[in-house]
Amino acid sequence: GSTVNVAASFGIARSVDAVDSVELLRNADLAMYSAKASGGSRVVTYDPAMHEETAHRLRIQDGLRRALEDSSFELHYQPIVSLPSGNVVGAEALLRWEDTKLGRMFPDVFIPIAEGSGISAEIDEWVVREACSQLRKWWDSGVDIKQVSVNISRRQLSSGLAAVVRRALDDNQLPARALCVEVTESAVVSDAEQAREALEEIRAMGICVALDDFGTGHSSLSYLVRLPVDQLKIDRSFVLPITEDSNGTAIVQAIVDLAHVMQLKVVVEGVETREQCLMLRELGVDSFQGYLFGRPAPLAQIS
Ligand code: C2E
Ligand code: MG
Ligand code: MG
């Protein structure tokens, strides 16, 4: 009695690329996975390069499992400051990974692969625990950083999240306000109902929720500001245009005004110059993050 919308992903393979029916079907399968990986509801034709891509992905997945076992992940921290005081109000934990075989890997590359393979939940859990334990050490040694922010991948944005963060906070005797959870706009939109429930659960605990990379996911502003979040993090792609043309300024102004009407705080990422910083302050941005104030740095350079 209800309407169900069905979408399909297609993989096409041609017999000239295969020696037998088994290989032909496998090629079609690879093409279909590629169609799914790039968002689904599309048709992809098999290309022999897909084998190399798949092999590369598998090597990264293996590497990630090794990294979890032998703890070769590391967190770098980048300050978030409030102006004019210049006080460091928080620090964002950013994952770093150097593999013995694959070399230095960047999260933009390996996080999506981790998400596609189901190990991202374990990685997120490691990050949350590590960041909380670090904040405890800072507090114990008198470092005045009020809050640590962690990035949560889309796979983890489910009912299990609350228990993971609760345990990490309790184990380190931290109050809920010590933690900020960052989720990207696209992660929230891709499974809106489940994400909303997970976010409402952790917000009810008193944990801050920030919508990361705000403005890059092609969702409507009015939809986004109604999500259960406390902060918007304006993506750095909006920072460059503000010093270049008046449209760039107008967009940031509109985001800031709307956020403030909805009682959300606005953080801006990717502030690299004084000029950008001064303009963003004029526009009413609450807190700032970027190379101007500090690059993501390993612990040794912070404490
Ligand atoms: P993000 O959460 O939006 O993090 C900000 C990114 O911008 C970081 O890149 C940071 O190094 C970079 N950045 C900061 N200030 C500046 C600046 O002034 N100029 C420029 N050009 N870049 C700046 P990074 O560390 O490579 O991380 C990329 C993305 O990977 C993050 O974007 C986040 O979405 C994801 N990520 C990082 N660590 C984790 C993690 O532990 N878990 C999950 N799930 N995702 C993570
Ligand atoms: Mg972030
Ligand atoms: Mg961001």
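Which of the 24 residues around ligand 1 come nearest? In this predicted model, the answer is Arg96, Asp212, Arg236, Glu272 and Tyr291. Keep an eye on Asp212, since that residue turns up again below.

Let's start with where ligand 1 sits. The space it takes up is the largest pocket. As for what builds the surroundings, the elements giving two or more residues to the shell are β4 (87-99), α3 (107-117), α4 (120-140) and β8 (208-214). Strand β4 supplies the largest share, with four residues. Sort the shell by class and you get nine nonpolar, five polar and 10 charged residues.

Now for some polar contacts. Asparagine 151 puts a polar side-chain atom 2.9 Å from an oxygen atom of ligand 1. Glutamate 269 also works through its side chain, with an N or O atom 3.2 Å from an oxygen of the ligand. Serine 153, on the other hand, uses its backbone: an N or O atom there lies 3.5 Å from a nitrogen atom of ligand 1. How much of ligand 1 does the protein bury? Taken alone, the ligand exposes 800 Å², and the protein buries 88% of that.

Next, the metals. Take the magnesium ion that is ligand 2: its protein donors are Glu92 (OE), Asn151 (OD1), Glu182 (OE) and Asp212 (OD), at 2.0 to 2.2 Å. So asparagine 151 is a name to recognise here, as a donor to this ion and as a polar contact of ligand 1. Along the sequence, the donor residues follow the spacing E-x58-N-x30-E-x29-D. Within that set, glutamate 92 in strand β4 and asparagine 151 in strand β6 (residues 147-151) link distant parts of the chain, 59 residues apart.

The magnesium ion that is ligand 3 has its own set of protein donors: Asp212 (OD), Asp213 (OD) and Glu269, the last listed with two OE entries, lying 1.9 to 2.6 Å from the ion. Their spacing in sequence reads D-D-x55-E. Here too distant parts of the chain are linked, with aspartate 213 in strand β8 and glutamate 269 in the loop between β10 (265-268) and α11 (274-282), 56 residues apart. Glutamate 269 is familiar as well, from its side-chain contact with an oxygen atom of ligand 1.

What bridges the two magnesium ions? That would be aspartate 212, which coordinates both ligand 2 and ligand 3, with the ions 4.4 Å apart. And that brings us back to the opening question, where Asp212 was among the residues that come nearest to ligand 1.

Note on methods. Residues numbered from 1 in each chain as written. Chains lettered and ligands numbered in written order. Predicted model: local features only at pLDDT ≥ 70, side-chain atom pairs only at ≥ 80, totals over all residues. Heavy atoms only, no water. Near = heavy atom within 4 Å. Polar contact = N/O pair within 3.5 Å; in protein donor to acceptor, adjacent residues only side chain to side chain. Areas by Shrake-Rupley, 256 points an atom, 1.4 Å probe, with all protein chains shown as cover. 1 Å grid on protein atoms, 1.4 Å probe; cavity = no way out; pocket = protein on both sides within 12 Å on 5 of 7 lines; lining within 4 Å. Sits in = over half its atoms within 2 Å of the grid points. Nonpolar A, V, L, I, M, F, W, Y, C, P; charged D, E, K, R; others polar. Donors = N, O, S within 2.8 Å, 3.2 Å for Na, K, Ca; no water.
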